[in-house]
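Me: Could you walk me through this structure with me? I'd like to hear the reasoning behind the labels, with each value set against its cut-off.

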Amino acid sequence: MATRNTKVEWIKGVMLLIFFAMLFGIPNSSPWFGLVFVYLMAAGLFIVGSMLWIALRSRRAALALSRMPPKRALHTREVKALEWFGQPERIVWRMPRGNVIDLEKVAQAAGNRPVMRTLRGPYREMVRARHHERHAFIGEVEVLMLPGADHSLRENNEADVLLCGTFAVVLALNGAWRIDQAPSLLR
């Protein structure tokens, strides 16, 4: 069964084919040539609408997660692990969203007393811009998966996360991976 993102990508491809068929099939001297521009505008609105829908859905899911009661406060070992992953030489690990995420500042932005919340749901990954922009989701919340966590993924996941705005940093996953143990596994 195809996921919604695969269906949207397929629809975009078909729309592009129809556009080229109209562009090269209708002579520019025909009064029907104006349909090409109308179709182009409709296709652009569809693409922008789907992008906004995904962003809005992700924002609503993060807001719903923030309303859930926190599980516990972050331990100092977890904050130290975030700082370890946030060092400049490990910048490659901070780029799944297509931009740099400073994990040390993430812990600071979460407040002076950051809390951990539990996130449950299936894992899915969405790739945009031809492998340059990866978005990982658990449930409907976009998550930052640090190296090693992907080996602990299951069909239905239970992740302990630090919520940072509209995305969450995975601190523990399915009882098999913890952020404070990860630096020793990756050295």
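**Helix, patch and core**

Reply: Happy to, and bear in mind that this is a predicted model. Helix 2 is a good place to begin: its 34 residues span 49 Å from first C-alpha to last, close to the 50 Å expected at 1.5 Å a residue.

Me: What makes 50 Å the expected span of helix 2?

Reply: The expected span is 1.5 Å times one less than the number of residues, and helix 2 has 34 residues, so 50 Å is expected.

Me: Met-51 lies in helix 2. Why is Met-51 called partly exposed?

Reply: Its relative accessibility is 47%. Buried means under 20% and exposed over 50%, so Met-51 falls in between and counts as partly exposed.

Me: Which residues of helix 2 are buried, then?

Reply: Among them are Val-36, Tyr-39, Ala-43, Ile-54 and Leu-65.

Me: What makes up the nonpolar patch on the surface?

Reply: Trp-10, Ile-11, Val-14, Ile-18, Phe-46, Ile-47 and Met-51 form the patch, with about 610 Å² of accessible area together. Helix 1 (4–25) and helix 2 each supply at least two of its residues, and helix 1 gives the most, with four.

Me: And inside, which residues touch the most other members of the largest nonpolar core?

Reply: Val-169 and Val-170 do, in a core of 34 residues. Strand 7 provides the largest share of this core, six residues. A second, separate core has eight residues, including Phe-19, Ile-26, Phe-33 and Val-36.

Notes
Residues numbered from 1 in each chain as written. Predicted model: local features only at pLDDT ≥ 70, side-chain atom pairs only at ≥ 80, totals over all residues. Heavy atoms only, no water. Core = buried A, V, L, I, M, F, W, Y, C linked by side-chain atoms within 4.5 Å. Buried < 20%, exposed > 50% of the residue type's maximum accessible area, 1.4 Å probe, protein only. Patch = residues over 30% accessible without salt bridge, like charges linked within 9 Å, V, L, I, M, F, W, Y side chains within 5 Å. Areas by Shrake-Rupley, 256 points an atom, 1.4 Å probe, with all protein chains shown as cover. Salt bridge = Lys/Arg side-chain N within 4 Å of Asp/Glu carboxyl O.
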